[in-house]
Amino acid sequence: ENPDSQAIASLYNNIGLVLMNENNLDGALVEFRKAIALQEWLAPNSLDIATSHYNTGLLLVKRKHKDGALVEYRKAVAIQERLAPQDPATAASHYHLAALLARRNDPENALRHYRDAKAIHEKLAPNSLAIAAISCGIGSVLKGTNDLDGALCQYRQALKIRETLVPDTLEVIRHR
């Protein structure tokens with residue numbers, strides 16, 4: 001494995017991120033694909049390639065290519081679960097995959113990935129805004145499956161976390 005080649009792959013990925021932020025989605029996709037091609041040649045089972053797959057998934061969601069995004073997120077999760085199962089990046093991949101599955105009306109798999117993301121975050125940072133966001137996602141899926149008690153529980157958990165982390169909100173409510 002050549003460190004210079006690895007640095008080049010990382011630069012392709014970083015250029016892709018900048019282009020995506022500039023809304024140059026076609027250019028970003030080209031750069032992510034270059035990064036993935038080089039990373040597959042260098043180290044096909046590395047966290048770097050998982051990151052490139054994740055970034056490509058984000059881009060494909062922006063382009064409304066949800067089938068392609070599912071493929072990219074699944075590739076990222078498969079690698080991350082093997083190499084860094086408790087990493088925040090793994091939780092992010094699970095979360096984005098879950099949100100996409102929920103929008104595609106696949107509640108069973110959406111819930112599985114939301115719960116995997118939540119389990120990682122609960123070990124790393126209980127009562128974080130990430131857990132609140134994941135709880136909202138789970139609540140939304142449960143509401144869609146008509147599990148209203150489960151949805152309410154998740155929404156209340158998210159609210160409790162947010163109220164704790166953003167106490168000014170409670171002050172506004174108390175003074176109205």
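These legends accompany four close-up views of a predicted model.

**View 1. The largest nonpolar core draws on seven named helices, helix 1 to helix 7.** The core holds 30 residues. Met20, Ala28, Leu59, Tyr73, Leu97, Tyr114 and Ile138 touch the most other members. Helix 1 (3-21), helix 2, helix 3, helix 4 (66-83), helix 5 (88-103), helix 6 (107-124) and helix 7 (129-144) each give at least two residues to this core. Helix 5 supplies the largest share, six residues. Met20, one of the core residues with the most core neighbours, has a wide set of partners to look for: Leu25, Ala28, Phe32, Asn55, Leu58, Leu59 and Lys62. That list leaves out residues up to four places away in sequence.

**View 2. Helix 2 packs against helix 3.** Two packed helices are described by the angle between their axes and the distance between the axes. Here the axes come within 9 Å. They cross at roughly 155 degrees. Angles over 145 degrees count as roughly antiparallel, so helix 2 and helix 3 are roughly antiparallel to each other. Their crossing is left-handed. On the helix 2 side, the contact is made by Leu25, Ala28, Leu29, Phe32, Arg33, Ala35, Ile36, Gln39 and Glu40. On the helix 3 side, the partners are Asp48, Ile49, Ser52, His53, Asn55, Thr56, Leu59, Leu60 and Lys62. Nine residues of this contact are nonpolar, five are polar and four are charged.

**View 3. Leu29 is a buried residue of helix 2.** Its relative accessibility is 15%. Buried means under 20%, so Leu29 counts as buried. Leu29 is among the helix 2 residues that meet helix 3. Leaving aside neighbours within four places in sequence, Leu29 is in contact with Thr56, Leu59, Leu60 and Arg63. Gly16 can also be located from here: Leu29 and Gly16 are 13 residues apart in sequence. In space, their C-alpha atoms are 6.7 Å apart.

**View 4. Ser46 sits in a loop between two helices.** The loop runs between helix 2 (25-42) and helix 3 (47-62). Is Ser46 buried or exposed? At 12% relative accessibility, Ser46 counts as buried. Which residues does Ser46 contact, leaving aside its neighbours within four places in sequence? They are Ile79 and Leu83.

Methods
Residues are numbered from 1 along each chain as its sequence is written. This is a predicted model: local features need pLDDT of at least 70, side-chain atom pairs count only at pLDDT 80 or more; totals for chains, interfaces and linings use all residues. Side-chain values use heavy atoms; hydrogens and water are left out. Helices (H or I, at least four residues) and strands (E, at least two) are DSSP runs, numbered from the N terminus. Buried means under 20% relative accessible area, exposed over 50%, partly exposed in between (1.4 Å probe, protein chains only). Contact means heavy atoms within 4.5 Å. A nonpolar core is a set of buried Ala, Val, Leu, Ile, Met, Phe, Trp, Tyr and Cys residues joined through side-chain atoms within 4.5 Å. Axes are lines fitted to C-alpha atoms, for helices over the stretch in contact, and angles run from 0 to 180 degrees between N-to-C directions. Angles under 35 degrees count as roughly parallel, over 145 as roughly antiparallel, 65 to 115 as roughly perpendicular and the rest as oblique. A crossing is left-handed if the near helix is turned anticlockwise from the far one by less than a right angle, and right-handed if clockwise. Ala, Val, Leu, Ile, Met, Phe, Trp, Tyr, Cys and Pro count as nonpolar, Asp, Glu, Lys and Arg as charged, and the others, Gly among them, as polar.
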